Structures are given as C-alpha cells and as structure tokens.
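Please open the structure in your viewer and keep the selection tool at hand. The tour below goes from one selection to the next and says what is to be found at each stop.

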Amino acid sequence: SSGINAEYGGLQQDYKTLSKMLRATLFLLCLCFVQSYRIDDWLTEYTAEEGNERKAGEGKIWVVLVAGSSGWYNYRHQSDICHIYQMLIRNHGIPRENIVTMMYNDIAYNSDNPFPGTIINALHGSDVYEG
C-alpha cells in the first residue's frame, strides 16, 4: 500500500513539474509569436547593404531564436530556427555574433536523418544547418 502511494506521489510531482514547464513554454511561445511580427517590422527597415546599423544613435539589432522542442518528431521547429537564422544573415545583414540561438541540436545527426549533418527546411531546399 505504501509503495503505491509513494509511486503515485512521484507521478503527481512529475505531473506538477511537467505542468509548470508546459505553462512556461507556452508563455514563451506566445511571447515569441507576438514578438515575431514586431521583429519582422523592424527588419524591413534594414537591408543587407545597411547591415546592422540603425538610424544614427539607435543602436544595433540583437535577435534571440529559440526552439524548445527536441527529437525527430519535432524536426520542423529546429529547421525553422535554422532557416530564420540564415535569412537574418543573408536577407537582413544581421551579424552572426548578434544572433543568439537556443535549440536542442539533435536532428542534424539523428539516426532517422537520411542526410546526416544537414537540416533541410523546404522541399528541394538547401541545407540550413550550416552556420
């Protein structure tokens, strides 16, 4: 009887921890979703030729990219982050050192990946993992 209660208590604690993590992740995802529109608006003011310089005295652009999911099943989350990273550099001239990227990084060399060491974001697309 006490073993069952101990196991149940452990499961209940795991559930509470998972619930907190899920709420925090959803909050961050909502925040990122809302902020993505603002970032896109800001970036349209700049071109690759202008680089990372804003109007005089306004500072530089910094970008934080986060993919909070892991595993092959969530391939698209990390591939989207890699794709956005490449677009920020190529299309908007944001220097690599001004982009903070956080992701599990477990799909490029995943055993299910038919092209080890690469991440492809679109059908017939190129590798977006480089960089």
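Select S1 and show its side chains, which alternate along the strand: Val63 and Leu65 point to one face and are buried, whereas Val64 and Val66 point to the other face and are not buried. Please keep in mind throughout that this is a predicted model.

**The partner strand**

Add S2 to the selection, and you will have two strands that pair in the parallel sense, with four bridges between S1 and S2. To get from S1 to S2, the chain passes through helix H2, which covers residues 75-90, and the β-α-β crossover made in this way is right-handed. Within the pair, look for Val64, which has Val100 of S2 standing opposite, and then for Val66, whose bridge partner in S2 is Met102.

**The nonpolar patch**

Which residues form a nonpolar patch on the surface? Select Trp62, Val64, Val66, Val100 and Met102, which together make up this patch and have about 480 Å² of accessible area between them. Strand S1, at residues 63-66, and strand S2, at residues 99-102, each supply at least two residues of the patch, and the two non-buried valines of S1 that you met at the start, Val64 and Val66, are among its members.

Stay with Met102, which is found in strand S2. Is Met102 buried, partly exposed or exposed? Its relative accessibility is 44%, and Met102 therefore counts as partly exposed, since that class lies between the limits of 20% and 50%. If you leave aside the neighbours within four places in sequence, the residues in contact with Met102 are Val64, Leu65, Val66 and Ala67. Now select Gly68 as well, and let the viewer draw a line between the two C-alpha atoms: Met102 and Gly68 are 34 residues apart along the chain, and their C-alpha atoms are separated by 7.8 Å.

**From helix H2 towards S2**

Next, move to Ile89, a residue of helix H2. With a relative accessible area of 19%, Ile89 is buried, because the limit for a buried residue is under 20%. Not counting residues up to four places away in sequence, Ile89 touches Ile94, Arg96 and Ile99. One of these, Ile99, lies 10 residues from Ile89 along the chain, and the C-alpha atoms of the two are separated by 9.0 Å.

**Helix H1**

Now select helix H1, which spans residues 2-43, and find Thr25 within this helix. Thr25 has a relative accessibility of 36% and so counts as partly exposed. How far apart in space are Thr25 and Ser69, taken from C-alpha to C-alpha? The distance is 9.4 Å, although 44 residues separate Thr25 and Ser69 in sequence.

**The segment after S2**

Go on to the segment after S2, where Asn105 is found. Asn105 has a positive phi of about 60°, although this residue is not a glycine, and its relative accessible area of 42% makes Asn105 partly exposed. His124 has its place in the segment after S2 too, and this residue likewise has a positive phi without being a glycine, in this case of about 65°. At 76% relative accessibility, His124 counts as exposed, because the limit for that class is over 50%.

**The whole chain**

Finally, clear the selection and show the protein chain from end to end. How many helices and how many strands does the protein chain have? There are two helices and two strands, and from the N terminus on these elements run in the order α-β-α-β. If you colour the 131 residues of the protein chain by burial, buried residues make up 25% of them. The chain exposes about 9600 Å², and 60% of this area is supplied by carbon and sulfur atoms. As for the contacts with a separation of 6 or more, 57% of those in the protein chain are between residues 24 or more positions apart.

How values were computed: Residues numbered from 1 in each chain as written. Predicted model: local features only at pLDDT ≥ 70, side-chain atom pairs only at ≥ 80, totals over all residues. Heavy atoms only, no water. Patch = residues over 30% accessible without salt bridge, like charges linked within 9 Å, V, L, I, M, F, W, Y side chains within 5 Å. Areas by Shrake-Rupley, 256 points an atom, 1.4 Å probe, with all protein chains shown as cover. Salt bridge = Lys/Arg side-chain N within 4 Å of Asp/Glu carboxyl O. Buried < 20%, exposed > 50% of the residue type's maximum accessible area, 1.4 Å probe, protein only. Contact = heavy atoms within 4.5 Å. Pairing = 2+ DSSP bridges. Right-handed = clockwise from strand over helix to strand, strands pointing away.
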